Amino acid sequence: MDFELKTLTLTRICSEKCDALLVLTPQDLRAGDDALSALAALALESGDFEAKPGKLLSAYRTPGIAATRVLLVGAGDGSLKSVRNAVNTGLGALKVSNAQRIVLCLGALNNLKSDAVRAAVVACGDATYLYSSTKSKVSTAKLQHVVVAVNDAATAKAGFDKGTALVKGIEFAREWANRPANHATPTLLAGAAKGLGKLRNIKVEVLGPREVARLGMGAFMAVAQGTAEPLRFIVLRYEGAARAEAPVVLVGKGITFDSGGISIKPSAEMDEMKFDMCGAASVLGAFRVLGELQPALNVVGLIPACENLLGGRAVKPGDVVTSMSGQTIEILNTDAEGRLVLCDALTYAERFKPRAVVDIATLTGACVIALGGVRSALFSTDESLARSLADAGESSLDLCWRMPLDEEYAEGLKTSFADVANIAGKAAGVVTAAKFLQRFAANFPWAHLDIAGTAWKRGAAKGATGRPVPLLVDFLLGQAAAAVAPGKAPSRAKPVKTRRAVAKARV
Ligand code: BES
Ligand code: MN
Ligand code: ZN
């Protein structure tokens with residue numbers, strides 16, 4: 001799908017030929033000289049249409065309007081959430097039509113913010129993504145072209161560009177997450193990462209079993225030893241700032257299929273464990289966006305990717321392994337494998353002397369019980385990092401909620417046979433998993449996002465959501481802005497203003 005941003009008055013929009021005109025309508029819309037606002041004002045006045053989110057009024061071949069269909073959708077209070085709802089409502093109603101080219105009119109909204117433009121574009125992308133890579137007939141979305149019409153394209157441009165970049169990143173994450181495990185093996189996932197290496201300022205390196213063994217990643221290797229499919233450790237670098245600038249490190253859990261291992265899962269819904277690499281997919285998606293937007297910061301992406309299967313060589317409950325950090329781990333449950341692959345990736349992250357490390361993982365079923373599909377769970381050892389991530393969740397409509405890390409929660413991880421066990425009791429499973437990870441994140445500001453509830457939808461609409469790509473991108477862009485804010489630049493690096501300034505600094 002492609003997007004186009006245009007400055008169009010309501011009068012001009014009336015003569016714009018398209019299959020459908022989607023008008024985000026505020027309750028206080030006044031009639032002007034054009035047919036469109038006259039129609040909307042009349043509908044509002046008569047009470048036949050209310051501008052609440054989710055409300056819709058559609059008209060066909062309306063006099064004075066060139067568009068085949070006009071859909072008035074309620075924009076409610078004009079908040080980002082209402083804008084998203086309105087676009088969803090409108091595109092939902094258009095699903096049955098054959099609309100290929102639509103105009104999305106945002107010009108009727110009062111003091112339109114650039115963020116609202118972004119929200120509208122992202123909602124369009126979300127609503128029109130179609131999975132087809134393992135179907136014999138390639139189905140493409142009917143909707144091909146969206147013209148985003150605003151009163152002033154110049155002020156909307158930043159939000160529009162962010163939105164279109166995000167659509168690409170979210171789509172990339174959804175696509176790889178949705179692919180079945182036999183079409184998204186660790187090797188194929190590494191191939192997808194390598195593809196991102198074609199983008200400007202992105203470099204990708206992939207380590208295999210031998211290199212990982214040399215690094216001493218005993219916890220990661222233990223998970224991978226039950227399958228014939230070789231593991232991959234993917235290292236992505238986005239270099240948008242001077243080399244001296246400490247990077248943000250993103251670590252994504254990349255279990256391409258989680259059977260549970262010897263502690264095997266029940267069969268019902270086990271297919272959903274192909275989504276156990278959604279953390280990894282979100283890191284790839286975020287890099288896709290970085291490649292597009294080229295912000296002035298450095299980011300490293302680390303993805304430990306493997307299958308968690310069972311077999312004659314599989315790791316067994318009670319086995320003790322040595323992690324890269326030197327800490328020994330008693331694997332009491334082979335289904336608590338995410339933390340095992342992540343702990344070695346966290347230790348690996350130390351070599352980048354990061355300014356912050358954020359891991360993203362479909363880590364616990366307990367997280368789904370605690371927060372459902374609305375908010376991801378956020379844990380952090382650093383107040384300012386926690387605030388930045390929570391704020392990024394709000395501004396991108398990709399919400400998370402801070403959870404506790406009290407030392408008492410680590411009690412159950414104690415064992416007589418190793419430095420730490422990989423499971424605690426039944427209580428607060430989402431927290432005890434985070435407490436396990438925290439042991440490997442002592443040397444940098446660290447945050448952990450458990451996305452088990454938010455990364456994919458269950459039931460009839462089963463499929464990856466692309467979350468938390470929007471949150472990560474807002475967080476990273478915020479980090480880039482913080483680096484250039486006067487007085488806020490980290491002391492180890494010169495403040496970097498623009499890409500050109502960076503290029504100069506390098507020579
Ligand atoms: N990938 C799962 C977590 C998961 C389960 C995510 C269901 C989404 C839906 C993870 O590897 C896992 O199996 N965790 C166990 C941990 C337990 C053994 C302590 C869990 O949550 O049951
Ligand atoms: Mn598991
Ligand atoms: Zn898992």
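## Two buried aspartates

D258 and D276 are both buried. The model that shows them is predicted. D258 belongs to strand β10, residues 254-258. D276 sits in the loop between β10 and α9 (278-293). The two aspartates are 18 residues apart, and the pair links distant parts of the chain.

## The zinc site

Both aspartates serve the zinc ion (ligand 3). Its coordinating residues are K253 through NZ, D258 and D276 through OD, and E337 through OE. Distances run from 2.0 to 2.4 Å. Along the sequence, these donor residues follow the spacing K-x4-D-x17-D-x60-E.

What is the geometry of the site? It is octahedral, with six donor atoms and angles of 78 to 175° among them. For six octahedral donors, the ideal angles are 90 or 180 degrees.

D258 also bridges to a second metal, the manganese ion (ligand 2). The zinc and manganese ions lie 3.2 Å apart.

## The largest nonpolar core

The largest nonpolar core holds 61 residues. Those touching the most other members are L236, L250, F287, V358 and L449. Helix α9 gives the most to this core, nine residues. Domain 1 (2-171) and domain 2 (203-484) both contribute residues, so the core lies between them.

L236 shows how such contacts are spread. Leaving out residues up to four places away in sequence, L236 touches, among others, A193, L196, K203, V283, F287, V299 and I303.

## A separate core

Apart from the largest core lies another, of 52 residues. Its members include V212, V223, Y348 and A434. In soluble globular proteins, nonpolar side chains tend to be buried together.

Notes: Residues numbered from 1 in each chain as written. Chains lettered and ligands numbered in written order. Predicted model: local features only at pLDDT ≥ 70, side-chain atom pairs only at ≥ 80, totals over all residues. Heavy atoms only, no water. Donors = N, O, S within 2.8 Å, 3.2 Å for Na, K, Ca; no water. Tetrahedral: all angles 85-135°; square planar, octahedral: opposite > 155°, others 65-115°. Helix = DSSP H or I, 4+ residues; strand = E, 2+ residues; numbered from the N terminus. Buried < 20%, exposed > 50% of the residue type's maximum accessible area, 1.4 Å probe, protein only. Core = buried A, V, L, I, M, F, W, Y, C linked by side-chain atoms within 4.5 Å. Domains from an automatic or database assignment. Contact = heavy atoms within 4.5 Å.
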